[in-house]
Amino acid sequence: MRSSPVVLWISLLLLCSGAAAQGWTAFSPEGGRYRIDMPGAPTVQAVPLSSPGQTMTMTEAKAQAPAATYLVAYIDYPERIAMSASSDVMLDKVRDGMAAGNTLRAEKKITLGRAQGREFTVVEANGANTAVRLYWVRSRLYQLAVTGRAGIENQPDTRHFFDSFALIRTQS
C-alpha cells in the first residue's frame, strides 16, 4: 500500500517537531539559584574576569544547537560594588560593555518578579547577532544570550530559552 505525499509530509513534520521538542533539557546548577531550558546538555565552566584591582568569576553554561549558541551565566559582585550603584546603572554599564564596538538594537527594560532587567540585541560587524537578557538580583548579574544569524532575537527557540528562565529561592 502506497502512502500519499500529504500523509508522508505530515508524518515527516510530526517527527521533526517531536525531535526538536525533545532536545530541550531543564538545567539548574547547584549554587546558580536559577533554572532554564537548554537545547541539550550544556558545558559549564568558571571564567575568571579581571579589572583594575578586582578579580571575579563568571560561571557560564553553554549549549550549541545547529543554528545558534545558547549561554546563561552569572557573576556575583562584591558588596562594595553592588551597593554603590542602582540596578539601572549596573545594567546600563554591562549593556554598554557588551555593545562596545558593535551596534545595539531594540533595547527595552524588563522585570522578572522584583528583579530589574534589560533585553537587547547586539549586531557585530561580522554579521553575528546576539539576543541578550540581563537581570540584576541583589549583587548577582544573570546573563542570557543567544548568538546566531540576523533575526535570532525573534526565533521561537530564543523566546523559549529566555522565557524558561526562572529564579529559585534557596533554603537558608
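**Aromatic pairs in a predicted chain**

Y70 is a buried residue, its relative accessible area being 4%. This value, like the others below, is computed from a predicted model. Y70 lies in strand 5, which spans residues 69-76, and its ring has a partner in W24.

The two rings of W24 and Y70 are arranged edge-to-face, with 5.8 Å from centre to centre and 85 degrees between their planes. The angle counts as edge-to-face because it is over 60 degrees. W24 belongs to the loop between helix 1 (5-22) and strand 1 (25-27). With 46 residues separating W24 from Y70, the pair links distant parts of the chain. W24 has a relative accessible area of 17% and is buried; the value falls under the 20% limit, so W24 is classed in this way.

The pair of W24 and Y70 belongs to a wider set, for the whole structure contains 11 aromatic pairs. Ring pairs also join F27, Y34, Y74, Y135, Y142 and F165 into a cluster.

The setting for these rings is a chain of 4 helices and 10 strands. Read from the N terminus, the order of elements is α-β-β-β-β-β-α-α-β-β-β-β-α-β. Contacts within the chain can be described by sequence separation: of those between residues at least 6 apart, 44% connect residues at least 24 apart.

Burial and surface complete the description. The chain has 172 residues, of which 37% count as buried. Its exposed area is about 10400 Å², and 55% of that area is supplied by carbon and sulfur atoms.

Technical notes: Residues numbered from 1 in each chain as written. Predicted model: local features only at pLDDT ≥ 70, side-chain atom pairs only at ≥ 80, totals over all residues. Heavy atoms only, no water. Helix = DSSP H or I, 4+ residues; strand = E, 2+ residues; numbered from the N terminus. Buried < 20%, exposed > 50% of the residue type's maximum accessible area, 1.4 Å probe, protein only. Contact = heavy atoms within 4.5 Å. Areas by Shrake-Rupley, 256 points an atom, 1.4 Å probe, with all protein chains shown as cover. Phe/Tyr/Trp six-rings, centres within 6.5 Å; stacked < 30°, edge-to-face > 60°.
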